[in-house]
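Let's take a walk through a structure together. Have the picture open and turn it around as you read.

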Amino acid sequence: MKSLAKHREVWLVVAIAALIALVATRFPGFARLGNLATVFNDTSILMILALGQMAVILTRSIDLSMAANLAFTGMAVAMLNSAVPDLPLPLLIVSALAIGLVLGSINGLLVWKLDIPSIVVTLGTLTIYRGATFVLSGGAWVNADQMSPAFINFQRASLLGLPVLSWIAILVIAAFWLVMTRTPLGRSIYAIGVNPTASVYAGIDVGRTKFVAFCISGMVAGLSGYLWVSRYVIASVEVANGYELSIIAACVIGGISIAGGIGSVAGAVLGALFLGIIQSALPVINVSPFWQMAISGSAIILAVLLNARGEREQGRIILKKAEAA
Amino acid sequence: MHTTAPKAELKAPPPANAAPLLALSGVSKSFPGVRALHNVSLSLYPGQVTALIGENGAGKSTLVKILTGIYQPDSGEISVGGEPVHLTSAHKAFEHGITAIHQETVLFDDLSVAENIFLGHAPRTRFGTIDWKTMRANAREVLDTMHAGHIDADARLRDLGIANKHLVAVARAMSIDARIVIMDEPTAALSAKEIEELFLLIEFLKSEGKAILFISHKFDEIFRIADRYTVFRDGEMVGEGLLADATQSAIVKMMVGRAVDHIFPEREPNIGAPVLAVSDLSHPTEFDGISFELHKGEILGFYGLVGAGRSELMQAIFGITRTSRGAISLDGKALHPKSAADAIEAGIVYVPEERGRQGVVTGMPIFKNASLPSLQRTSKSGVLRLKEEFDLARRYTGRLDLRASSLSQDVGTLSGGNQQKVVIAKWLATRPKVIILDEPTKGIDIGSKAAVHGFMAELVAEGLSVIMVSSELPEILGMSDRVVVMREGHIAAIYDNKNLDAETLVQTAAGIAA
């Protein structure tokens, strides 16, 4: 199974390379290192969000409220920034993380304590968080001229040749890699996704672990809220509307199984990059928006098909054992 | 269909020389490492109930799966009504008129009674749509015939009790004109009154000339309803005949008398002070007033029929099932485990019965499975140390003689016996005081069984205490220092394992006066 998962990520790398090569035949500049760095930077927010979603999906849950959480947190920090321009940026970033964490923990508590399916909980909170964004802002926008220069320019600053936004994404990827592969929490997240019953017997609190996963996804959604509004220099109720689907698509393309327990940090990052490349490369070579969508959609179905194959084979192994028992 | 009163006196006496409706001969079936059935025969006669009797693992479920077309036998012949048949699929078995009514009947909760009865063969209108009117009328007719007119054909199945669901399952069998009805532990979840109704129904099926295979652990039911018996032991048919000529003790002897298939380890029991004390532990529905003590260095066997409450009791001691009353103490200190983590922390671990569902995490490598309950110990400042995990896995799986190419191998690719070794290793790694093993050798090959037994002997020699829940008599008699027999959620007796014989245990577990 592990070799299969590896195989899936290798397949993604090949697909991404092929996509870049294809675009490069029409537009050689695309494959230049500088341009690829730009694509990476453009995809940073999606990668961060996909990693948070991955933590939730691995536990057999889903977080549909990430984009709404992003919009609310983005609006909150933008309003805070415009109201108190002297507030230091680190404090704003910490409050973005904290607001996102609170919204994520509401999802987590509902899933844990009331045992409501996560798809229902987050479908509800998606609407509530959007509505709350409207109530908070009264429907008004926060524009560039209301934001402090530090707020806007931080992620654009260059550090060792890369924008700070890219470095933040790299930092988040590293943190997720550490948590998912090297901590008891990450191990528990995988274990409850693969076999919740056996995990209970092993002394893992399944509900609490799911709660923590939702807190993680909330926190990265909050962080992305700040990154998003400072990148596009606007905070409105409509920010990232419908973006939850892109986040989930990135995870699915990256080989993260909707059934839980299967998926990796590399997969989520590659899935997001694949989507990012399609969105940035195809317009360059004059592919119509319809074909962009069709290609993204086909990639999703292809990925699910490959995953389903893998899982079905695994099922057959289990059956053989069940027969012998 | 005409109405027949389901009265016992209407039934014709079983004709001694009638031809069997269904006959199996020389049927064998093996799974990797396990011989489930060896050269068995079975005959079912029209209008008669044949009881299939045997311990767990005797091969009863494998036989049912062969008869219903789910498994294919490796060799042997099956004939229905004198004609040889090949039951290559569930559908084929169905076409030959074989139907099974399971403990958990396979019906559709959200469909109506009529739909359940006629699913797959519903009457059609001219236009090919379902003829609801005829279907309802036919359903009512079938139910009336069975004296089950109290069931509303339009009711949703979800709203019926288990006994009525059984009636619907039988009605379905009647509607497809099934000739052979297999009842696999049909009374397990029924109340006494519902069991009476089921027996009336069985009398009715007999009067309709159906051949019935009745599988039950309960001797009173078998002697009450069945005409014939067939006894299986370790996958072989060891006796059959008319129940009128048999006694309970003769059948128990057939069930348990066996050649020793493997030698249990010789032990010099060195039993110390009590470690675990359970007093008056009770659960609202599963067990009541359970008191016993487990001593240092002791193997305490728990024997009983399936559904006697043994696993539920162990899960309560392990903190997974809540209790309503009673106390647990470990080394003299009161213990109130609220979760498995609490119990593990205190030093009690539980190796669950269902290895696939509750034990291993397939898809994860062996070393990750082995370290799962010990993650706090194998990590430092919150970061897992892979070397520690490997060392821990190597140390404990090595003691159990695990056969695997490497510790990074997916646990799902191991054989059942080796999976069980990983599960036991995982629990030992938590360094427990008390280890509870629930059916530790169920469905694993002889070699792995011997390894697990040898290892249990080592553990108690080192001063651990073991509770072993087992339905396998040789294992209970071969390994235990004392044996607790449970029946219907109570402790029926506690025996010292000195000159204890299998018959005593079976009779105590089944509630038969010796």
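B:Ile467 has 25 C-beta neighbours inside 10 Å, so it counts as buried. Keep in mind as you look that this is a predicted model. Where does B:Ile467 sit in chain B? Look for strand β20, which covers residues 465-469 of chain B, and you'll find B:Ile467 there. If you skip the neighbours within four places in sequence, B:Ile467 is in contact with B:Leu294, B:Leu300, B:Phe302, B:Met314, B:Val434 and B:Ile436. You can also try a distance: B:Ser480 is 13 residues away from B:Ile467 along the chain, and their C-alpha atoms are separated by 8.8 Å.

One of those contacts, B:Ile436, takes us to the nonpolar core. The largest nonpolar core has 249 residues, and the ones that touch the most other members are A:Ala50 and B:Ile436. Which helix gives the most to this core? That's helix α10 of chain A, residues 206-232, with 14 residues. The core also draws on both domains assigned in chain B, with at least three residues from domain 1 (19-97 + 179-259) and at least three from domain 2 (106-177).

Now hop over to A:Ala50. Leaving out its neighbours within four places in sequence, A:Ala50 is in contact with A:Ile247, A:Ala250, A:Cys251, A:Gly254, A:Ala268, A:Gly271 and A:Ala272.

While you're in chain A, find helix α8, residues 184-194. Ten of its eleven residues are buried, so this helix is largely enclosed by the rest of the structure. Among the buried ones are A:Arg187, A:Tyr190 and A:Val194.

Zoom out and take in chain A as a whole. It has 13 helices and two strands. Its radius of gyration is 20 Å, close to the 20 Å that the globule rule gives for 325 residues, so chain A is as compact as a globular protein of that length. Along the principal axes, its C-alpha trace spans about 70 × 55 × 35 Å. Of its 325 residues, 49% count as buried. Take the contacts in chain A with a separation of 6 or more: 78% of them come from residues 24 or more positions apart.

Chain B can be described in the same way. How many helices and strands does chain B have? The count is 17 helices and 22 strands. A compact globule of 514 residues would have a radius of gyration near 24 Å, and the 25 Å of chain B agrees with that. Its C-alpha atoms fill a box of roughly 75 × 55 × 50 Å along the principal axes. Buried residues make up 48% of chain B. Among its contacts with a separation of 6 or more, residues 24 or more positions apart account for 69%.

Let's go back to the two domains of chain B. Domain 1 is made of two stretches, 19-97 and 179-259, while domain 2 covers 106-177. Their C-alpha centres lie 26 Å apart. Ten residues of domain 1 and nine residues of domain 2 take part in the contact. On the domain 1 side, helix α6 of chain B (residues 192-207) brings the largest share, five residues. That side divides into seven nonpolar residues, one polar and two charged.

Two loop residues in chain B deserve a stop as well. B:Asp234 lies in the loop between β9 (228-233) and β10 (236-242), and its phi is near 50°, a positive value in a residue other than glycine. B:Glu439, in the loop between β19 (434-438) and α15 (446-461), has a positive phi of about 45° although it is not a glycine either. Are these residues buried or partly exposed? B:Asp234 has 19 C-beta neighbours inside 10 Å, so it counts as partly exposed, while B:Glu439 has 23 and counts as buried.

Finally, how confident is the prediction? Chain A averages a pLDDT of 87, with 92% of the residues scoring at least 70. For chain B the mean is 84, and 93% of its residues reach 70 or more. At the start of chain B, residues 1-14 have a pLDDT below 50. In chain A, pLDDT stays under 50 over residues 312-325. Where pLDDT is low, the predicted coordinates should not be read in detail. The model as a whole scores ipTM 0.72 and pTM 0.75.

How values were computed. Residues are numbered from 1 along each chain as its sequence is written. Chains are lettered from A and ligands numbered from 1 in the order in which they are written. This is a predicted model: local features need pLDDT of at least 70, side-chain atom pairs count only at pLDDT 80 or more; totals for chains, interfaces and linings use all residues. Domain bounds come from an automatic or database domain assignment. Two residues are in contact if their C-beta atoms, placed from the backbone, lie within 7 Å. Helices (H or I, at least four residues) and strands (E, at least two) are DSSP runs, numbered from the N terminus. Ala, Val, Leu, Ile, Met, Phe, Trp, Tyr, Cys and Pro count as nonpolar, Asp, Glu, Lys and Arg as charged, and the others, Gly among them, as polar. The radius of gyration is taken over C-alpha atoms; the globule rule is 2.2 Å times the number of residues to the power 0.38. A residue is buried if 20 or more other C-beta atoms lie within 10 Å of its own, exposed if 12 or fewer, and partly exposed in between; C-beta atoms are placed from the backbone. A nonpolar core is a set of buried Ala, Val, Leu, Ile, Met, Phe, Trp, Tyr and Cys residues joined through C-beta atoms within 7 Å. pLDDT is the predictor's confidence in each residue, from 0 to 100.
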